[in-house]
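Me: I have a model open and would like to go through its surface and its fold. Could we start with the surface?

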Amino acid sequence: MSALQDPRVLFAAERTLLAWTRTSLSLQAFGFAIDRLGMALDQFAPLARPPLARPLSLLLGECFILLGAGCALYSVRQHRRVLRTLAPEEIPAGYLLVGGVVLNLLLVLLGGLVGGYLLHEYAWGGSAPPQPAGGG
């Protein structure tokens, strides 16, 4: 339990949660951008790229998306742990504590949906590289 009995402790915890939220969102956006860049490069120069380039960009992008989702889950866990240490005097009357937690849980859900979408699109032909025209 915190002995400070100061609401600024709560607001510092909220700011920390929001910093983790920004980090999570940035990691997920970076992962999506890596995947889309791999797809775009396949569209512009399909024969100039090695055969594993597209699966590797998908894998790397998925890793960043999962890292971002994990970051959001971890931040919720840490935030809830800090909130349990606060005395009732440190929480302003009527202040809702669930906003940042709900936001981070939505980021986890949306990260999973985007990751699933990218895998589905790749696995079922949504972004297969164009094949060269046949003939001699």
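Reply: Certainly. This is a predicted model. R81 is a convenient starting point: its relative accessible area is 38%, so it counts as partly exposed.

Me: Where is R81 in the secondary structure?
Reply: R81 sits in helix α2, which covers residues 53-84.

Me: And which residues form the positive surface patch?
Reply: The patch consists of R77, R80, R81 and R84.

Me: Changing topic: how many helices and strands does the protein have?
Reply: There are three helices and zero strands. Along the sequence, the pattern reads α-α-α.

Me: What share of the contacts links residues 24 or more positions apart?
Reply: Such pairs make up 86% of the contacts with a separation of 6 or more.

Me: What percentage of the residues count as buried?
Reply: Of the 136 residues, 32% are classed as buried.

Me: Back to the surface, then. How much area does the protein expose, and what part comes from carbon and sulfur atoms?
Reply: The exposed area is about 8,500 Å², of which carbon and sulfur atoms supply 72%.

Me: Which residues form the nonpolar patch?
Reply: L96, V98, V102, L106, L109, L110 and L113 form that patch, and their accessible area together is about 680 Å².

Me: Take V102. Which helix holds V102, and is V102 buried or partly exposed?
Reply: V102 belongs to helix α3, residues 99-123. With a relative accessible area of 44%, V102 is partly exposed. Patch members need over 30% relative accessible area, so the 44% of V102 meets that cut-off.

Notes: Residues are numbered from 1 along each chain as its sequence is written. This is a predicted model: local features need pLDDT of at least 70, side-chain atom pairs count only at pLDDT 80 or more; totals for chains, interfaces and linings use all residues. Side-chain values use heavy atoms; hydrogens and water are left out. Patches are made of residues with over 30% relative accessible area and no salt bridge: like charges are joined within 9 Å, nonpolar side chains (Val, Leu, Ile, Met, Phe, Trp, Tyr) within 5 Å. Accessible areas come from the Shrake-Rupley method with a 1.4 Å probe; for residues, only the protein chains shown count as cover. A salt bridge is a side-chain nitrogen of Lys or Arg within 4 Å of a carboxyl oxygen of Asp or Glu. Lys and Arg count as positive and Asp and Glu as negative; His and the chain ends are not counted. The place of a charge is taken as NZ of Lys, CZ of Arg, CG of Asp or CD of Glu. Helices (H or I, at least four residues) and strands (E, at least two) are DSSP runs, numbered from the N terminus. Buried means under 20% relative accessible area, exposed over 50%, partly exposed in between (1.4 Å probe, protein chains only). Contact means heavy atoms within 4.5 Å.
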